[in-house]
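Please load the model in your viewer, with a cartoon for the backbone and a selection panel at hand. The stops below go from the whole chain to its sheets and then to a single side chain.

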Amino acid sequence: MTSAGRFAPSPSGDLHVGNLRTALLAWLFARSTGRDFLLRVEDLDRARAGAEVEQLRDLAAVGVTWDGAVVHQTARGALYADAISRLAASGLTYECFCTRREIQEAPSAPHAPQGAYPGTCRYLDPAELEFKRSSRPAAIRLRSTVPEYKVRDVMHGEFTGVVDDFVLRRNDGVTAYNLAVVVDDTAQGIDQVVRGDDLLASTPRQAYLASLLNMPEPEYAHVPLVVNSDGVRLAKRDGAVTLGDLARAGVTAAGVRDLLLESLGLPAGTLKQALAVFDPDTLPRNPWVWKGVAGA
Ligand SMILES: [Zn+2]
């Protein structure tokens with residue numbers, strides 16, 4: 001089995017400087033620990049035609065190199081179905097017929113965190129199940145046996161987060177992110193997950209799921225996001241934030257790479273040069289505010 005890190009973009013549009021900064025970090029974490037670096041296109045949802053080609057081109061333009069073929073989640077349905085079958089065989093799944101609105105309006109269990117599934121469909125009797133099956137397609141939820149789970153994170157230390165009966169397969173048949181990511185990381189030999197810290201909150205769910213599937217828990221490093229001047233996670237609407245936009249404003253891909261490296265306290269230059277001095281302990285712990293570039 002390989003030892004590998006990864007970057008796993010959704011092909012929903014061009015990568016922006018926040019995505020590229022996370023990709024550089026994932027690359028630096030992997031390469032500095034002798035790992036392979038893999039790319040996985042998370043195209044179960046929100047895929048836009050042509051976006052993948054542009055994303056790979058932009059990653060290469062800032063110096064990111066990867067090993068082996070790019071993996072696509074849409075080609076991996078059998079792996080996800082197998083994992084869900086294994087959980088079902090252990091009594092760890094159930095069908096859920098709730099709409100989003102019903103979940104929002106359901107009284108939540110005492111002490112249940114905001115947004116946690118209230119468990120409405122957990123104990124349906126056979127007659128209720130029969131009736132609901134005839135009215136609506138079911139989502140598949142995990143029958144969780146713990147309220148929370150603890151993970152270790154290189155950037156955040158120990159982190160304990162909620163584990164509710166989260167969705168494994170949506171009622172439109174699409175595999176949920178939390179299931180796909182665990183199955184894919186294991187199947188690809190990925191033992192280091194570096195990604196934006198907006199995903200830290202859902203990480204205990206994934207680590208718990210991995211434990212149920214007898215899959216290894218990777219090393220996690222949730223890195224700070226890039227935010228706009230209002231402190232909100234950077235998005236395409238925040239002006240010139242993609243390599244294409246910035247090129248039109250006169251900033252080359254190498255120039256963008258230098259800006260991103262400097263924002264991480266690393267020297268401008270090639271990624272190889274950055275690798276020589278990379279140390280996770282010295283990385284900034286706070287979000288980086290993108291102020292744009294002159295002329296853009
Ligand atoms: Zn339900």
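Helices (H or I, at least four residues) and strands (E, at least two) are here DSSP runs, numbered from the N terminus. With that convention, the chain holds 10 helices and 12 strands. Its radius of gyration, taken over C-alpha atoms, is 21 Å, close to the 19 Å of the globule rule for 296 residues, so the chain is as compact as a globular protein of that length; the rule itself is 2.2 Å times the number of residues to the power 0.38.

Before selecting anything, note that this is a predicted model, in which local features need pLDDT of at least 70 and side-chain atom pairs count only at pLDDT 80 or more, while totals for chains, interfaces and linings use all residues. Residues are numbered from 1 along each chain as its sequence is written.

**The whole chain**

Show the C-alpha trace alone and turn it onto its principal axes, along which the trace spans about 65 × 40 × 35 Å. If you colour by burial, use these cut-offs: a residue is buried if 20 or more other C-beta atoms, placed from the backbone, lie within 10 Å of its own, exposed if 12 or fewer, and partly exposed in between. Buried residues amount to 34% of the 296 in the chain. For a contact map, count two residues as in contact if their C-beta atoms, placed from the backbone, lie within 7 Å. Among the contacts with a separation of 6 or more, 78% are between residues 24 or more positions apart.

**Two domains**

Next, colour residues 4–74 + 224–289 as domain 1 and residues 77–177 as domain 2, following the domain assignment of the chain; such bounds come from an automatic or database domain assignment. The C-alpha centres of domain 1 and domain 2 are 32 Å apart. Where they meet, 4 residues of domain 1 are in contact with 4 residues of domain 2. On the domain 1 side, the touching residues are 2 nonpolar, no polar and 2 charged, where Ala, Val, Leu, Ile, Met, Phe, Trp, Tyr, Cys and Pro count as nonpolar, Asp, Glu, Lys and Arg as charged, and the others, Gly among them, as polar.

**The parallel sheet β1-β2-β3**

Now select β1, β2 and β3, which form an open sheet in that order with parallel pairing; two strands are said to pair if DSSP finds at least two bridges between them. The edge strands, each pairing on one side only, are β1 (4–7) and β3 (71–72). Parallel strands β1 and β2 are joined by 4 bridges, and here you can find R6 opposite L38 and F7 with L39 as its bridge partner. Show the side chains of β1: A4 and R6 point one way, G5 and F7 point the other way, and all are buried.

Moving to β2 (residues 36–41), you will find its parallel pairing with β3 over 2 bridges, with R40 opposite V71. Because 5 of the 6 residues of β2 are buried, this strand is largely enclosed by the rest of the structure.

Add helix α1 (residues 17–32), which lies across β1 and β2 and runs at about 175 degrees to β1. Such angles run from 0 to 180 degrees between N-to-C directions, with axes being lines fitted to C-alpha atoms, for helices over the stretch in contact.

**The pair β9 and β10**

Select residues 192–196 and 219–223, strands β9 and β10, which run parallel and are joined by 5 bridges. One bridge to look for links V194 to A221 in β10. Since 4 of the 5 residues of β10 are buried, β10 is largely enclosed by the rest of the structure.

**The antiparallel sheet β4-β5-β8**

Then go to the open sheet of 3 strands ordered β4-β5-β8, with antiparallel pairing. At its edges stand β4 (93–96) and β8 (167–169), each with a single partner strand, so one side of each is left without a neighbour in the sheet. From one strand to the next, the twist averages 45 degrees. Strand β5 (residues 139–142) pairs with β8 over 2 bridges in the antiparallel sense, and the bridge partner of I140 in β8 is R169. Helix α3 (residues 77–89) packs on this sheet, touching β4, β5 and β8, and its direction makes about 105 degrees with that of β4.

**Last stop: Y80**

Finally, centre the view on Y80 in helix α3. Is Y80 buried or exposed? With 21 C-beta neighbours inside 10 Å, Y80 counts as buried. Leaving out residues up to four places away in sequence, Y80 touches T175, L179, A180 and V183. Of these, T175 is 95 residues from Y80 in sequence, yet their C-alpha atoms are 7.1 Å apart in space.
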